[in-house]
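Please open the model in a viewer and keep the sequence panel at hand. The tour below proceeds by selection, with a short account of what each selection shows.

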Amino acid sequence: MTIQDIIRKTLQQIKQRNLTLTPDVYSEYFCQEAKRAKVIVEDCQKFEKFVNQLPSDIKKMVKKRDVQNVDQLVRLLAAELTRTDAKKSGEIIQAYVLLTKRLLQVIELLHDRTASKMAKVDRDKIASFLDKVEIDAIRDHWNNFVIDYDDSFLDRLDIYCKVDKSDLEAMVDAIIECIKSKKSDISLQEVAQIVIASMTPSIASGMDDELATISNQIRSNPELLTSKAMIDDLKYMIQKRIELDKKAVVKQITELDSVIEHISSTLVNVINWGDNNHKAIRAIQGELGSIDLKADSFEVIHAKLIAIANSLESETKNLNEEMHNSHEEVNALRKRVKILEEALRKERKRSTTDPLTNLPNRRAIDDFISKQESAYKRYGDNYAVVLFDIDHFKSVNDTYGHDAGDVILASFGKLLRRYSRDLDFVGRWGGEEFLVVLPKTDKKGALQFAEKLREIVKKSKFMYKDTRIPITVSGGVADRASHSSIESMLKQADENLYKAKKGGRNKVVN
């Protein structure tokens, strides 16, 4: 293919693409056609020559960015130059950030609590790169501190000595000099007397050898008070003085406690034994009221309490004589009370127990249901009842006699108790009817229990005088959650029992 052919195809490409014929457009499409025709044109090789002269990292960038011509290459290199300047600017900014951090660290070392705290917080906030908003916030933070800062509090030191506010170290030195220059109006001899008094036990009867020795040393040589070793000894001795006083207080309180305990026990006996002791109690109250805990010394209080204890002692002797004389009468009363309590217990049991079956009667059942009702209303604990009736019981009495009927009732009651849970309540409702109260049980659970009892009764042997009497029972079930009241629940159980008996007996209806 000749150059003319390449030129012709180039012009066709530009025309087909509706492009404006400019030198740059012509050069781009001409080189593309020459490359397809595998014709080497020197002008089209300039881009490759320029790229080959670049460093290896720039070559990789050119390849990665898919740069195709000289114009694109120039734009890429210009952008890279600009980025290099930005990098240098970033290094400068980083240097300023580090400088700011170091300045904040310096502020932390200054002896102003607020400034040190602010500096620590802001130093932790400063990262390697901050935006303008963050920088402005930190700047405003410190501007406000400078505006509000008031060192007038240092003026209060002027009453002691003039201070240099601009130099903290010089300020401290000036204050120390002022303190040294002021002479105390109290001599060491006076201080020594105060120290000795502070070490002398105020409650304990005397001082031990260590306290006495160090007190004599201070009294004879007050200058020892300026010694650090003596100051340490004084601290130890004052603590020891406190311990001596504590021990003395404990000992005295123990003595008083023993007297007061004796008085208390005796006084209780006096009070508990009748109206004849009012005069003695009033006298003792007067004696106790005469004790002045603030004005009286320990010895005076101790003596008054001993006197009170002695007077109580005499009253106690009189009480002992009275108690001895009434001992037999009290014992007789105790025996009588025991007899009455036993009779009352038996009577209570009879009033709540059915004598034939030895089961709780209607009254006891009502009491138990009332307790279940309280738990239901307070905690929502559901409970159920099963009303059993022995089928054809009248026929049993007519056929075998009333004695046989009584045996059947007692035997059925035993079966109910045997196969009920410990928390269930079994009672005789009346006649041949028995009621079982099932706590924490719903209607479904009550039905299962009733069916189990029905099957057990049907298979059991009820014997009377070597004669087996076949027995079946019917039952009616109801639970509390399905009704608005106890009365409604019991009425439903009775109606269900009636349905079971009308439906052929030997059934349970719920």
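A residue is called exposed when its relative accessible area is over 50%, buried when that area is under 20%, and partly exposed in between. The model on display is a predicted one. Select lysine 38 to begin: its relative accessible area is 76%, and it therefore counts as exposed. Lysine 38 sits in the loop that joins helix 2 to helix 3. Its backbone also merits inspection, for phi is near 60 degrees, a positive value in a residue other than glycine.

**The whole chain**

Now display the full chain as a cartoon. It contains 19 helices and seven strands. Of its 510 residues, 30% count as buried. Among contacts in the chain with a separation of 6 or more, 58% are between residues 24 or more positions apart.

**The largest pocket**

Return to the region around helix 2 and turn on a surface. The largest pocket encloses about 780 Å³ of space. Select Glu28, Cys31, Cys44, Gln68 and Asn69, which are the closest to the pocket centre among its 24 lining residues. Helix 2 (23-36), helix 3 (46-52) and helix 5 (70-109) are the elements that each give two or more residues to this lining. Which helix gives the most to the lining of the largest pocket? Helix 2 does, with nine residues. Colouring the lining by residue class shows nine nonpolar, six polar and nine charged residues.

**The second largest pocket**

Next, select His111, Asp112, Tyr149, Lys165 and Leu168. These residues lie nearest the centre of the second largest pocket, which is lined by 14 residues. The volume of this pocket is about 310 Å³. Helix 7 (132-148) and helix 8 (168-181) each supply at least two residues of the lining. By class, the lining of this second pocket consists of ten nonpolar residues, one polar residue and three charged residues.

Helix 7 (132-148) can be kept in view for the next selection, arginine 139 and aspartate 140. These two residues form a salt bridge, with their closest N and O atoms 3.3 Å apart. Arginine 139 counts as partly exposed because its relative accessibility is 46%. Aspartate 140 is likewise partly exposed, at 35% relative accessibility.

**The largest nonpolar core**

Move to phenylalanine 388 and show its neighbours. The largest nonpolar core has 30 residues, of which Phe388 and Ile390 touch the most other members. Strand 1 (383-390), helix 16, helix 17 (402-418), strand 3 (433-439), helix 18, strand 4 (462-464) and strand 6 (473-479) each give two or more residues to this core. Leaving aside residues up to four places away in sequence, the contacts of phenylalanine 388 include Phe412, Leu416, Phe434, Val436, Phe449, Leu453 and Val473. The contacts of phenylalanine 388 also include Glu432, Glu433 and Ser474. Apart from this core lies another, of 17 residues, among them Ala364, Ile369, Phe425 and Met489.

**From strand 1 into helix 16**

Follow the chain onward from strand 1 and select histidine 392, which is placed in the loop between strand 1 and helix 16. Histidine 392 has a positive phi of about 55 degrees, although it is not a glycine. With 47% relative accessibility, histidine 392 counts as partly exposed.

Helix 16 (residues 393-400) holds both lysine 394 and aspartate 398, which are four residues apart, about one turn of the helix. Their side chains meet in a salt bridge with an N to O distance of 3.0 Å. Are these two residues buried or exposed? Both lysine 394 and aspartate 398 are exposed.

**Helix 18 and the remaining charged pairs**

Go on to helix 18 (residues 443-459) and select glutamate 451 and arginine 454, three residues apart, about one turn of the helix. A salt bridge joins their side chains at 3.0 Å, N to O. Glutamate 451 counts as partly exposed, at 28% relative accessibility. Arginine 454, by contrast, has a relative accessible area of 10% and is therefore buried.

As a last selection, show Glu373, Lys377 and Arg480 together. These three residues are linked in a network of salt bridges. The total count of salt bridges comes to 14.

Definitions and conventions:
Residues are numbered from 1 along each chain as its sequence is written. This is a predicted model: local features need pLDDT of at least 70, side-chain atom pairs count only at pLDDT 80 or more; totals for chains, interfaces and linings use all residues. Side-chain values use heavy atoms; hydrogens and water are left out. A salt bridge is a side-chain nitrogen of Lys or Arg within 4 Å of a carboxyl oxygen of Asp or Glu. Buried means under 20% relative accessible area, exposed over 50%, partly exposed in between (1.4 Å probe, protein chains only). A nonpolar core is a set of buried Ala, Val, Leu, Ile, Met, Phe, Trp, Tyr and Cys residues joined through side-chain atoms within 4.5 Å. Contact means heavy atoms within 4.5 Å. On a 1 Å grid over the protein atoms alone, a cavity is a set of points where a 1.4 Å probe fits but cannot get out, and a pocket is an open set with protein on both sides within 12 Å along at least five of seven lines; lining residues have an atom within 4 Å of a point. Grid points are joined across faces, edges and corners, and a volume is the space filled by probe spheres set on the points. Ala, Val, Leu, Ile, Met, Phe, Trp, Tyr, Cys and Pro count as nonpolar, Asp, Glu, Lys and Arg as charged, and the others, Gly among them, as polar.
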